[in-house]
Amino acid sequence: MLENGVRMAKGVPGCPQVKMEFARDYFDRLAEEVKGSDRLPTWAGELYLEFHRGTLTAQARNKKYNRKSELLYHDAETLCKLAQVLTGAQYPAEEILEAWKIILLNQFHDIIPGSSIAAVYEDSKEQYEKILADGRNIIDNALTSLTDGIRVENDSVVVFNTLGFERTDVVFCDIADGLCVCDTDGTALPQQKTYDGKTAFLAKNVPAKGYKTFALKEGTPCTCGTLEFDDNTVDNAFYTVTFDANMNITSLLHKASGRLVAPAGQLLNRLIAYEDRPHNHEAWDIKCYYNEKYWYIDDVTSCEVVEKGAVRTVIRVVRPFNLSTITQYFVFYTANDRIDVLYDVDWKEKNIALKADYPVDVNTVKATFDIQFGNLERTTHSNTTWDFAQFEVCGHKWADLSDNSFGFSVLNDCKYGWAVKDGHIKPTLLRCATTPNHLQDRERHTFAFAMYAHCGAVANSDVVNQGYSLNVPLYAKAVAAHDGNLANKFSLIAADAGNICIETVKKAEDSDAVIVRIYETWNKATDTVLSFGKEVRSVSECNLLEEKDEALKVCDNKLQIRFRPFEIKTLKITF
């Protein structure tokens, strides 16, 4: 390419003359040439590439490692900065920076699209697993610094929340038998042993970007509210779910709305294997004819309740398909209106696209998809060729079908390809091309999906927080009683508006200031109050490069600020 550029720079008859230069130089010159012009065309909405849709799913291990490493270092930044602000601990800026460089390197094409040769994924696997291990060590060091500084009157579990909203969620940790977890008022919390030997308990009201301490006391854990699986039906406070003999969901009743999710006679969470043979570019493409040949994966070799208690009930279902084995864990919570489906798949297929089908009984022509720092809508019909072309699209943590009375979301922890047409949400779970990597995805995969129904339009739902909660765990660290200067509960920053997402907390690039990145997620102009848990010396708004600071006024450690629809703001704070 460079050699051709040198030759064409000298002039080749019949070809345009070219010049090699930096992109910035070109765009600066272009900006001057078109400055003030009122004839420049503009494009509103998504620029959808009608090609290479298979790259949203190909090479599933890399897709998972990408999501997990991004979120792990999001958490590392938050916890390390929290430790620095509260205890003076050293912020490991260089280690975090080097890890982000590896994450970004592996987002280069053809690595993250899944369209490289096998050797590339041997290298990327090694790189990802190193930074994941390093990230966990960084987080563990930050947790140790924080817990060492907290005043703990009893042996306790300190639970850390790296997300920007208060959470009541399940925590997994190791707790000795005979001990129960208690809230700050001494009430024993729902608690149980999991099928893999850990302890799960319900941590209530863990503050945004902060932590809360839960005491460990001798006694009997709270065992109220155990869910039963009788006659292929599970009933909790939020749903009544009925399965057929093949463990497909025949009925999912959302109690708050009184609505059944699927139209009568249609099955939810049914697995479908599609023949996936694009006429070229196997790893890159899914073609529009992929759905002409398919098989339902209905066989069940075993079904059993593997866990039952005050926190959740877990049903394990094992399904054979050709040479592969698909194990599903259906998780029903007593205090969370989300139903999780965890997958452990031994995948040995070729040229098969595996999807799950979720038919939704709503009246809508648009679906909503999570993207980075917001969401967007796409049509669910095929009225035009542009609509038809979007038979496989990109989404991050969730996709939703809603009308103004009811809606249903499907969430995931590491998938990006979706087909949402004609009232069906069909995420793509796995593919298995044979070129250019003849071994692509024929290995063991673990991932999670979830179902979440809600009253009203999607913008009035809790799907954004549910998507974050599925992807980002609460961190727990057991500590012995000891003295300290820090309170047993703390929130660094919180917003009073549900549509304002406090996303990133990190160290500034050129100082020890705290950088907080916040966005509005539901296309609403919003006035919100940000509350800080520590005395604030100054707050300024800056750009994404942490430049051009504009001072903001803080009163009693509170900042009133206005967001435009979908606006991203970056704040620079000194405590």
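How many helices and strands does the protein chain have? In this predicted model, the protein chain has 7 helices alongside 36 strands.

## Overall form

Let's start with the whole fold. The radius of gyration of the protein chain is 25 Å, close to the 25 Å that the globule rule gives for 575 residues, so the chain is as compact as a globular protein of that length. Taken along the principal axes, the box filled by its C-alpha atoms is roughly 90 × 65 × 45 Å.

## Packing and surface

Turning to the interior, 53% of the 575 residues of the protein chain count as buried. Among contacts with a separation of 6 or more, 69% come from residues 24 or more positions apart.

On the outside, the protein chain has an accessible surface of about 26,400 Å², and carbon and sulfur atoms account for 51% of that area. As for charge, the chain carries 64 positive and 81 negative charges, and the mean positions of these two sets lie 2 Å apart.

## A look at V362

Now for a single residue. You will find V362 in the loop that runs between β18 (352-359) and β19 (366-371). Is V362 buried or exposed? Its relative accessible area is 17%, and the cut-off for buried is under 20%, so V362 counts as buried.

Which residues does V362 touch, leaving aside those up to four places away in sequence? They are R259, L401, S402, D403, F406 and G407. K572, for its part, is 210 residues from V362 in sequence, and the C-alpha atoms of these two residues are 43 Å apart in space.

Technical notes:
Residues are numbered from 1 along each chain as its sequence is written. This is a predicted model: local features need pLDDT of at least 70, side-chain atom pairs count only at pLDDT 80 or more; totals for chains, interfaces and linings use all residues. Side-chain values use heavy atoms; hydrogens and water are left out. Helices (H or I, at least four residues) and strands (E, at least two) are DSSP runs, numbered from the N terminus. The radius of gyration is taken over C-alpha atoms; the globule rule is 2.2 Å times the number of residues to the power 0.38. Buried means under 20% relative accessible area, exposed over 50%, partly exposed in between (1.4 Å probe, protein chains only). Contact means heavy atoms within 4.5 Å. Accessible areas come from the Shrake-Rupley method with a 1.4 Å probe; for residues, only the protein chains shown count as cover. Lys and Arg count as positive and Asp and Glu as negative; His and the chain ends are not counted. The place of a charge is taken as NZ of Lys, CZ of Arg, CG of Asp or CD of Glu.
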